[in-house]
Amino acid sequence: MSALAVATGAINLGQGFPDEDGPVELLDAAVAAIRAGANQYPPGRGIPDLLRAVAAHERRWWSTDYDPETEVLVTAGATEAIASAILALCGPGDEVVTFEPYYDSYAATIELSGAWRKVVALRSPDWGFDPDELARAVTPATRLILLNSPHNPTGKVFSRDELQIIARLCVERDLVAVTDEVYEHLVFDGAHVPLCTFPGMRERTLKISSAGKTFSATGWKIGWVVGPESLVAAVRSVKQFLTFAGGTPFQFAVAAALGLDDAHFAGLTANLQAKRDRFCDGLQTLGWTIHRPQATYFAIVDIRQFAYADGWAFCRSLVADHGVAAVPTEVFYDDKEAGKPLVRFAFCKQTAVIDEALRRLARVKPLPPA
Ligand SMILES: Cc1ncc(COP(=O)(O)O)c(C=O)c1O
């Protein structure tokens, strides 16, 4: 849909990337690092400044302690951390349990590893899950649970009670948890709690995050994983032969940005929350029913209110007839029927872009109430 948006000049509310730069301190630090000659391979684990900054970030925000020398690894975005973790820990015959809808790299990476994917449904309107369904999805072949909270594409933040259920299951069934927390700082309602902070979870959790979302620098692809030494070493053994290392000047910049004061982090979140409200309020004023997200960049719309049943057809018509690109959520589902009537919009765009998108979407009229 992004390619179609570019080809047709449509407003791209499909792919999740901001159209504004992150903090100037971050940008200046990258320029300074390039000018200072930080342009060759970094150490495979990441530059020491960033390893220390990530460990300090975990302590500051989540009160967890990781040894920067053995329990932190810098990766080429969260995507490489997720892929390396799954490829390191899973093989043919293993099973990976995750929630559906899921971020699309999960399905591809699980398949690459040769493992099977078992999905547990998140059901609208609150995107809750059935704890029995989760327990049933775990079998003797289950190697790990892959959790994404805050969650793309729904914008859900898993509650403390839900996390408790997942943590208990991991401990009881001796499972590893891989947690994708790239939106950990983009939470508007509710509170994000890392799964690794629950009893018995630190020693079995690989926690993944990324500078892309927190600092609006998705193109830099600087991510990281923290966890117990043995699990991080396993991830590193795969990462070493995927990219080995990368992004030296950006690593210096992210190390600096992670140390920015609280007001900076709060400002980034408030800025995005204002965009969420502008976009969701705008659609509601147009008469649309939307799933207002608690977090992330994304809002989901059920297109049955427009007498459409197929997200692909709706998105094609949105681009062609109205000049706005969105993503059919079917791509995030194994159960295609469940995903078919849903469409995801990214609202991490400049105010003028959101307003223009709303002006165009005003021509898409929901059915009158029955
Ligand atoms: C849930 C989730 N995980 C991971 C990523 C990828 O992160 P990165 O760009 O750091 O590889 C994204 C990007 O959209 C995402 O939404």
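An oxygen atom of the ligand is 2.6 Å from an N or O atom in the side chain of Thr79. That distance comes from a predicted model. Two further side chains, those of Asp180 and Lys221, also come up close to ligand atoms, at 2.5 Å and 2.7 Å respectively. Here are the three side chains together.

| Side chain | Ligand atom | Distance |
|---|---|---|
| Thr79 | oxygen | 2.6 Å |
| Asp180 | nitrogen | 2.5 Å |
| Lys221 | oxygen | 2.7 Å |

On its own, the ligand has 390 Å² of accessible area, and the protein covers 93% of it.

**The shell around the ligand**

Start with the neighbours. Gly77, Ala78 and Thr79 are among the residues that surround the ligand. So are Tyr103, Asn148 and Asn152. Asp180, Val182 and Tyr183 belong to the shell too. Ser210, Lys213 and Lys221 complete the list. Which helix gives the most to this shell? Helix α4, residues 77-89, does, with 3 residues. By class, the shell holds 4 nonpolar, 5 polar and 3 charged residues.

**The largest pocket**

Now look at the space itself. The ligand takes up the largest pocket. This pocket has a volume of about 620 Å³. It is lined by 29 residues, and Gln15, Gly16, Tyr103, Asp104 and Lys213 are the closest to its centre. Two of these names, Tyr103 and Lys213, also appear in the shell around the ligand.

Which elements each supply at least two residues of the pocket lining? They are α4, α8 (211-214) and β12 (327-328). The largest share comes from α4, with 4 residues. Helix α4 also gives the most to the ligand shell. The pocket lining divides into 13 nonpolar, 11 polar and 5 charged residues.

**The cavity**

Rolling a probe the size of a water molecule over the atoms shows where empty space is left. How many cavities of 30 Å³ or more does a search of the whole structure find? The search finds 1. About 50 Å³ of space lies in the largest cavity.

Its lining includes Leu147, Asn148, Ser149 and Leu163. Thr179, Asp180 and Glu181 line the cavity as well. His192, Val193, Pro194 and Leu195 are also part of the lining. Strands β5 (142-148) and β6 (176-180) each supply at least two of the lining residues. By class, this lining has 5 nonpolar, 4 polar and 2 charged residues.

Two residues link the cavity and the ligand. Asn148 and Asp180 line the largest cavity, and both are also among the residues that surround the ligand.

Key
Residues numbered from 1 in each chain as written. Predicted model: local features only at pLDDT ≥ 70, side-chain atom pairs only at ≥ 80, totals over all residues. Heavy atoms only, no water. Near = heavy atom within 4 Å. Polar contact = N/O pair within 3.5 Å; in protein donor to acceptor, adjacent residues only side chain to side chain. Areas by Shrake-Rupley, 256 points an atom, 1.4 Å probe, with all protein chains shown as cover. 1 Å grid on protein atoms, 1.4 Å probe; cavity = no way out; pocket = protein on both sides within 12 Å on 5 of 7 lines; lining within 4 Å. Sits in = over half its atoms within 2 Å of the grid points. Nonpolar A, V, L, I, M, F, W, Y, C, P; charged D, E, K, R; others polar. Points joined across faces, edges and corners; volume = space filled by probe spheres on them.
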